[in-house]
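Here's a short set of exercises to work through with the coordinates open. Try each task on your own before you read the solution.

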Amino acid sequence: MDALGINLPGLVTQLVSFAILFAVLWMLLYKPISKAMGDRSKKIQDSLEAADKAREEVNSSKEAMEKQIAESRAEGQKMIANAKDIADKFKEEELAKAREEINAEKQRAEADIQRERDAAIDGLRREFASIVVDAAEKIVEKSIDKSQHTDLIDTVVKESAVLRKDK
Amino acid sequence: MKLLKKPKLLIAIIVFGSLFIVGLAGGGLGDAFGLGFLGAPLAALQLPAEPISSEPNIGGFHITNTMITTWITIGILLILGFVASRKIKEVPSGFQNLFEVIIEYFQKLGVGVSGKRSAQYIPLVLTIFLFILISNWIGILPGFGTIGWIEDPHLAIHHAEKKDKELSKVKLNIFNGSGNVGVLGFGSVSETVTAEEWEHDHSIVEDGKQAGILIPFLRSANTDINTTLAIALVAMFFVHFWALRTLGFFSHATKYINFKQGPIWFAVGILELISEVGRVISFTFRLFGNIFAGEVLLFAMAFLIPIIGIMPFLGLELFVGLIQAYVFSMLTLVFASVAGAAHDDH
């Protein structure tokens, strides 16, 4: 033992020195640095997780947005189609109404024309009759009496009526 | 031809070559052929750590040169540790980064060896690694083993007689100049005499010179068995402490003293007990042997081929110092992991 240099004071000194070094390095070096390493790896993991979560959120909100856009587009198209329908219906109604009015107007005009024509024919006939009477009076003033006179007029009127109907 | 195009390389080769020749001729090798003009002295190496003064320092207690190195190592580590952990930054740099790399390396190693259980082992493994590494590395700095106090021949003879050592084998260097503190270097030692010759005739030492043995103030901490044994004891103490904590007293103790499973298992237990002692011894002597041998090698090369002969071996010793630190810490981790494993694990 002595030849090797092992002696109690030397051994105890080295033991105590090493034990002190161990304790101090543990407290001074190992603890704070391993804590910092642990904290850092935790932080990195946390931020990676947060990034994943954020990406997922973005993805889901994007999906929702796209869905909403599609929905509103469909709704818009529906509204346009509705409006078109209403407009078509309105147009048809208006058209029908206009057509009706035109028809009514036309009928009224036709009726007016008919009436005018009848009135004109009546007037004409009346004038013609008086002309005929005047002419006949003048022709047969002296040879024909009153009754013969009337018969003749009637015949003439009838003939003129027939004539009008033929027309 | 290629060399001529690279003048720097050529100059380096010439310089190193001539230094090598000068060292070879002027050193211990050349001395054997009558040259040896550099006067390189061979240090007197001995196994036990030497005290740093002739008188006991505190209350009969000798402070040895390896203790001084141990304390310097501890001081360096504490300063490094303080610098590294003074301002813990989220983005590490400098020493914090360095220690983080080392800690993380051992943590990963530990997880690979023994899983989650290894977290408790890391502080000690780290301390062992750093202490052995730094003490080995500062141990090869210049000044280690070459600056010291000169032991009086009377004292040297007294010590030799106490160890039953023949006086003809005790070599005394004759130092140029007087004074307590000496340096082992070129021309600092004029010649060497044996203690027997000196005892026979004191006048063998000329005036203005003194005979004696240089006792270095600093010596690599792990060239002292006390240091390596202390680390080994602390390591094995904690290995068993962790095993007790993990397995409980009974489960751990029955590994060594086992009556229940018959005589064969009892014998196995005894063998286990012996191997635990063997582990302490192998821990101690592996580290001590490597570093002490390295020291001897460096001294021998510095003596044989001064100036330049030591250079490749300094690189080798850096490597050996790292490897020994790694092996010691790694084995501590493995022993802890094996001791912490339950009986029927295998």
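**Exercise 1.** Not counting residues up to four places away in sequence, which residues does B:Leu19 touch?

*Solution.* Keep in mind that this is a predicted model.
- Start with the place: B:Leu19 sits in helix α1 of chain B.
- Next, drop the residues up to four places away in sequence; B:Leu19 then touches B:Ile307 and B:Ile308.
- For a check on the backbone, take B:Pro306: 287 residues separate it from B:Leu19 in sequence, yet the two C-alpha atoms are 9.0 Å apart.
- Finally, B:Leu19 has 30% relative accessibility, so it counts as partly exposed.

**Exercise 2.** Find the residues that make the nonpolar surface patch of about 910 Å² on chain B, and say which element gives the largest share.

*Solution.*
- List the members: B:Ile11, B:Val15, B:Phe16, B:Leu19, B:Val22, B:Leu35, B:Phe37, B:Phe186, B:Ile307 and B:Met311.
- Sort them by element: helix α1 (residues 7-26) of chain B supplies the largest share, 5 residues.
- Now pick B:Phe37, which belongs to the loop between α2 (28-31) and α3 (65-86) of chain B.
- Classify B:Phe37: the cut-off for exposed is over 50% relative accessible area, and B:Phe37 counts as exposed because its relative accessibility is 54%.

**Exercise 3.** Describe the contact between chain A and chain B: how many residues, how much buried area, and which polar links?

*Solution.*
- Count residues: chain A brings 29 and chain B brings 44.
- Get the area: the two chains bury about 3300 Å² between them, with 77% of it on carbon and sulfur atoms.
- Look at the chain A side: A:Gln14, A:Phe18 and A:Tyr30 lose the most area to chain B, together 21% of what that side buries.
- Turn to polar links: the interface has 6 residue pairs in polar contact, both residues being at pLDDT 80 or more.
- Then check charges: the count between the chains is 1 salt bridge, and the side chains of B:Glu100 and A:Arg40 meet in a salt bridge at 2.8 Å, N to O.

**Exercise 4.** Is B:Gln96 buried or exposed, and what is it in contact with beyond its neighbours within four places in sequence?

*Solution.*
- Locate it: B:Gln96 is part of helix α4 (residues 94-114) of chain B.
- Apply the cut-off: buried means under 20% relative accessible area, and B:Gln96 is at 2%, so it is buried.
- Split the contacts by chain: from chain A, B:Gln96 meets A:Ile33, A:Ala36 and A:Arg40. From chain B, the partners are B:Ala84, B:Lys87, B:Ile88 and B:Lys89.

Key. Residues are numbered from 1 along each chain as its sequence is written. Chains are lettered from A and ligands numbered from 1 in the order in which they are written. This is a predicted model: local features need pLDDT of at least 70, side-chain atom pairs count only at pLDDT 80 or more; totals for chains, interfaces and linings use all residues. Side-chain values use heavy atoms; hydrogens and water are left out. Patches are made of residues with over 30% relative accessible area and no salt bridge: like charges are joined within 9 Å, nonpolar side chains (Val, Leu, Ile, Met, Phe, Trp, Tyr) within 5 Å. Accessible areas come from the Shrake-Rupley method with a 1.4 Å probe; for residues, only the protein chains shown count as cover. A salt bridge is a side-chain nitrogen of Lys or Arg within 4 Å of a carboxyl oxygen of Asp or Glu. Helices (H or I, at least four residues) and strands (E, at least two) are DSSP runs, numbered from the N terminus. Buried means under 20% relative accessible area, exposed over 50%, partly exposed in between (1.4 Å probe, protein chains only). Contact means heavy atoms within 4.5 Å. Buried area is the accessible area (1.4 Å probe) that two parts lose on being put together, summed over both. A polar contact is a pair of N or O atoms within 3.5 Å; within protein, one must be able to donate a hydrogen and the other to accept it, and residues adjacent in sequence count only if both atoms are side-chain atoms.
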